[in-house]
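Trainee: Could you take me through one part of this model in detail? I'd like to hear about the salt bridges, and then about what sits in the core.

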Amino acid sequence: MTPLANVPTLVVSGSLGAGKTTLISRLLDARPGRETWAVLANERGVVRITPRNGVAVAEVDGGCVCCTGQIALRVGLTRLLREARPARLFVELDAASHLPAVLENFRNPWLAPVLAIEAVIGVVDGAAFRPDAAMQERIAACGVICVRGDPAAVVRTAPGRRFIDVVAVTLGALQGVSVSEPR
């Protein structure tokens with residue numbers, strides 16, 4: 001069996017209820033029938049992504065996967081990658097996760113050759129947006145901000161970021177937003 005390498009990976013972060021799961025579900029609906037895609041979900045909201053033909057799903061307990069859940073993240077991700085051998089991976093992070101630390105974990109030697117992080121996406125509910133320190137840290141780590149509702153408040157606090165209406169997001173719209181470090 002050939003080792004996995006450079007699996008295109010989208011990391012999706014945001015507050016509970018912002019629309020992360022809905023966004024990933026919409027992207028999964030566009031999956032080419034011949035490919036297997038995988039989702040590692042760290043968020044335990046009301047809406048969940050369910051496994052289906054061509055889509056493998058693994059869940060890691062909610063909470064910060066860079067601190068208290070780091071081992072669970074590594075085990076869940078390794079198992080998912082080995083069993084599903086996906087052509088594309090989505091990682092949905094709990095709002096409690098420290099996004100910069102999670103990205104640093106993904107760049108560690110045990111995962112760096114396996115994951116090609118295509119985009120780090122922040123999903124924000126424009127109506128509920130509060131620019132606190134945790135939100136600012138998350139937004140600073142994102143290359144793309146997908147906004148549900150009015151983006152005005154979010155745009156003012158994140159100059160230089162690429163904004164997309166969460167309803168209009170397609171996989172093609174997210175391409176070219178790479179944050180992968182050169183290998």
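**Salt bridges and cores**

Mentor: Sure, and let's start with one arginine. R52 is partly exposed, at 36% relative accessible area. Keep in mind that this is a predicted model. The side chain of R52 pairs with that of D29 in a salt bridge, 3.6 Å from N to O. That falls inside the cut-off, because a Lys or Arg side-chain nitrogen has to be within 4 Å of an Asp or Glu carboxyl oxygen. The two partners are 23 residues apart: D29 belongs to helix α1 (residues 20–29), while R52 sits in the loop between β2 (37–41) and β3 (55–59). As for D29, this residue is exposed, with a relative accessible area of 62%.

By that rule you get three salt bridges in total. Another one joins the side chains of R88 and E118, at 2.4 Å from N to O. Here the link runs from strand to strand, with R88 in β4 (residues 88–92) and E118 in β5 (residues 115–125), 30 residues apart. R88 has a relative accessible area of 9%, so this arginine counts as buried, since the limit is under 20%. E118 is partly exposed at 23%.

Then there's R148 with D125, whose closest N and O atoms are 2.7 Å apart. This pair also connects distant parts of the chain, R148 in strand β6 (residues 144–148) and D125 in strand β5, with their positions 23 residues apart. R148 is partly exposed, at 34% relative accessibility.

Now for the nonpolar side. In soluble globular proteins, nonpolar side chains tend to be buried together. The largest nonpolar core here has 33 residues, and the ones touching the most other members are V11, L40, L77, L89, L99, F106 and L115. Quite a few elements chip in with two or more residues: β1 (7–14), β2, α2 (70–84), β4, α3 (99–106), β5, α4 (133–140) and β6. Helix α2 gives the most, with five residues.

If you want one residue to zoom in on, try L99. Leaving out residues up to four places away in sequence, L99 touches V11, S13, L93, V120, R138, A141 and C142. Don't stop there, though: a second, separate core of 23 residues includes L23, A119, I164 and L171.

One last thing to look at on screen is β5. This strand holds E118, the partner of R88, and D125, the partner of R148, and β5 is also among the elements that give two or more residues to the largest core.

How values were computed
Residues are numbered from 1 along each chain as its sequence is written. This is a predicted model: local features need pLDDT of at least 70, side-chain atom pairs count only at pLDDT 80 or more; totals for chains, interfaces and linings use all residues. Side-chain values use heavy atoms; hydrogens and water are left out. Helices (H or I, at least four residues) and strands (E, at least two) are DSSP runs, numbered from the N terminus. Buried means under 20% relative accessible area, exposed over 50%, partly exposed in between (1.4 Å probe, protein chains only). A nonpolar core is a set of buried Ala, Val, Leu, Ile, Met, Phe, Trp, Tyr and Cys residues joined through side-chain atoms within 4.5 Å. Contact means heavy atoms within 4.5 Å.
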